[in-house]
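User: Please pick one part of this structure and take a close look at it with me. I'm in my first year, so plain words would help.

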Amino acid sequence: MTRLSLSIASPSTATADALVIGVYQGEDGPVAADPAFASVAAASTLAGANGKPGTVTTIPGAGLVSAERIIAVGLGRAPAASAADGEADDRAVHLERVRQAAGVASRSAAGRGKVVSTLSTIDLGAAAEGHLLGAYVFDTYKKPGQPPVGQLVLAVPSADKTAKAELRRAEITVEAVTFARSLVNSAPNDLPPAVFADRASAAARDAGLKVEVLDEKALAKGGYGGILGVGSGSSRPPRLVRISYAPAGAKATVALVGKGITFDSGGLSIKPAAKMDQMTSDMAGAAAVVATAIAAAKLQLPVTVTATAALAENLPSGTAYRPGDVLRHYGGTRGKGAGKTVHVLNTDAEGRLVLADAIVRACEDDPDYLLETATLTGAQVAALGNRTMGVMGSAALRDRVAELAREVGEGGWAMPLPEHLREGLESPLADLANIAGEPGGGMLVAGHYLAAFVPDGLDWAHLDVAGPAFNSGKPYGYTGPGGTGVPVRTLLAVLQDIAGR
Ligand code: BES
Ligand code: MN
Ligand code: ZN
């Protein structure tokens with residue numbers, strides 16, 4: 001990872017390969033975020049800088065600053081000095097602009113040795129996060145054209161305890177996001193359930209968390225029919241991973257549950273060939289919950305967190321589960337799951353099958369909150385696109401999670417679970433069918449399926465990140481190609497929110 005440090009020295013006289021400055025989009029043209037760089041902003045304007053979010057303009061530093069070059073990044077409109085309404089929203093939008101601009105600067109500074117940034121004088125945490133996330137590259141299979149920026153120096157008015165703590169928090173957050181990204185970016189041939197389980201366990205143990213892994217034998221003994229059914233087509237058997245962080249004096253217990261389909265071909269209800277390769281990202285939910293639990297420990301949050309990752313590979317074969325099969329979900333010792341049966345009508349609606357088992361298991365711990373996340377439906381992408389997760393669940397927690405998702409810049413919107421859509425999952429043969437007969441509202445129908453396994457009265461949220469977890473397009477802001485690490489920062493924000501109650 002790129003090295004990060006703080007400096008109270010004057011950025012304009014610092015020797016560096018590049019100096020990063022922020023530029024707002026003013027009424028009468030671009031304006032330097034820091035008035036000290038007014039002339040620098042004017043020079044960058046001549047070179048085409050306009051202050052629009054996402055833009056980057058590089059000019060020589062000669063005669064202006066000691067750094068060899070200046071990287072001017074757009075921050076959009078300056079935040080209103082006192083917005084009468086929506087002040088909190090305004091601030092969140094501004095911080096996200098800082099994060100994105102820092103990400104753009106880091107990407108454009110690839111190959112440089114030392115870069116000094118002044119975005120940290122706007123907000124240290126946002127600048128640190130954006131810079132580090134933007135500097136991430138996945139180089140397991142191919143060396144990047146330019147190595148990531150070597151050293152990032154963040155200008156600050158004072159490198160006191162508060163600043164250091166903020167920096168450390170950003171580093172832990174980014175470590176979690178990049179851990180999740182790297183799991184998602186690992187090719188599916190390299191990441192069968194057992195390997196995912198090993199990598200998650202190793203990282204969790206390193207951070208002092210407790211780990212439990214159920215292999216196929218233990219899953220059979222426990223009656224995890226959903227996970228076993230989905231995994232039955234692959235020669236590489238399923239796993240259930242549970243990692244726990246339980247600090248003394250915890251204020252609440254949070255169950256995290258994630259979908260970990262290491263590859264989703266659709267099974268016998270096979271997917272079309274186009275874009276099937278992207279189903280390497282179908283374990284992003286599991287990656288996110290594992291990364292979040294580990295980060296919660298490193299941040300020493302006063303909450304007990306157990307991440308449950310349901311891992312299987314969904315492939316067609318002579319041993320695969322079939323459309324028409326009836327599976328029996330994990331029964332558990334409490335909760336309303338109680339070994340429900342499911343009539344499998346489509347083997348491509350596999351996420352809900354592994355998740356139902358995992359939810360019932362997670363709820364045996366009697367958590368105060370259940371946060372579950374999955375790349376669950378194409379319908380999420382159709383409804384909200386690639387940068388806004390759909391959030392369902394109990395009203396108050398659902399709304400809070402969606403709000404926090406927007407605040408951290410991951411994007412989220414609350415979605416309903418209309419009563420009438422539940423009827424679509426009724427089956428004459430079993431307790432449930434895994435798809436609805438009627439088309440439409442697929443994201444919500446999937447939410448209903450999961451809701452059938454959540455104990456009554458439990459605060460819970462389901463985060464469908466089918467679109468946001470994976471960037472199949474061009475890099476933007478602090479997001480490169482492939483795994484994005486969504487929704488790690490949302491989950492961490494929710495844990496922090498719960499810890500602060
Ligand atoms: N993993 C997919 C959902 C998905 C789609 C994730 C696109 C990321 C991008 C999921 O298992 C799936 O196949 N869902 C089906 C459900 C359907 C059969 C009810 C879908 O959305 O088409
Ligand atoms: Mn599927
Ligand atoms: Zn899937």
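**Where the two domains meet**

Analyst: Between domain 1 and domain 2, the count is one salt bridge. Keep in mind that this is a predicted model. Arg489 forms a salt bridge with Glu129, and their closest N and O atoms are 3.2 Å apart.

Let's step back to see what is being joined. The domain assignment puts residues 3–159 in domain 1 and residues 174–499 in domain 2. Measure from C-alpha centre to C-alpha centre, and the two domains are 36 Å apart. At the border, 15 residues of domain 1 touch 17 residues of domain 2. So how much area do domain 1 and domain 2 bury between them? The size of an interface is often given as the accessible area lost when the parts come together. Here that comes to about 1,500 Å², with 61% of it on carbon and sulfur atoms. On the domain 1 side, three names are worth finding in the picture: Leu133, Tyr136 and Tyr141 supply 41% of the area that domain 1 buries against domain 2, more than any other three residues.

While you're looking around residue 489, peek just before it in the chain. The peptide bond from Val486 to Pro487 is cis, with omega near 10°. Pro487 sits in the loop between strand 20 (482–483) and helix 14 (488–499).

Now for the metals. The zinc ion (ligand 3) is held by Lys259 (NZ), Asp264 (OD), Asp282 (OD) and Glu350 (OE), at 2.0 to 2.4 Å. What arrangement do the six donor atoms around the zinc ion (ligand 3) make? Their angles run from 78 to 172°, which makes it octahedral. Walk along the chain and the donors of the zinc ion (ligand 3) show up with the spacing K-x4-D-x17-D-x67-E. Lys259 belongs to strand 10 (residues 253–264) while Asp282 is in the loop between strand 10 and helix 8 (284–298), so this pair ties together parts that are 23 residues apart in sequence. Lys259 is buried, at 1% relative accessible area, and Asp282 is buried too, at 2%.

The manganese ion (ligand 2) lies 3.2 Å from the zinc ion (ligand 3), and Asp264 coordinates both. The protein donors of the manganese ion (ligand 2) are Asp264 (OD), Asp348 (O), Asp348 (OD) and Glu350 (OE), at 2.0 to 2.2 Å. This time the six donor atoms make angles of 69 to 167°, and the site is irregular. In sequence, the manganese donor residues follow D-x83-D-x1-E. Asp264 in strand 10 and Asp348 in the loop between strand 13 (341–343) and helix 9 (351–363) link distant parts of the chain, 84 residues apart. Are Asp264 and Asp348 buried or exposed? Asp264 is buried, with a relative accessible area of 2%, whereas Asp348 is partly exposed at 22%.

Two loop residues round off the tour. Lys275, in the loop between strand 10 and helix 8, has phi near 65°, a positive value in a residue other than glycine. Gln300, in the loop between helix 8 and strand 11 (304–314), has phi near 55°, again positive without being glycine. Lys275 is exposed at 60% relative accessibility, and Gln300 is exposed at 66%.

Methods:
Residues numbered from 1 in each chain as written. Chains lettered and ligands numbered in written order. Predicted model: local features only at pLDDT ≥ 70, side-chain atom pairs only at ≥ 80, totals over all residues. Heavy atoms only, no water. Donors = N, O, S within 2.8 Å, 3.2 Å for Na, K, Ca; no water. Tetrahedral: all angles 85-135°; square planar, octahedral: opposite > 155°, others 65-115°. Helix = DSSP H or I, 4+ residues; strand = E, 2+ residues; numbered from the N terminus. Buried < 20%, exposed > 50% of the residue type's maximum accessible area, 1.4 Å probe, protein only. Domains from an automatic or database assignment. Contact = heavy atoms within 4.5 Å. Buried area = accessible area lost by both parts, 1.4 Å probe. Salt bridge = Lys/Arg side-chain N within 4 Å of Asp/Glu carboxyl O.
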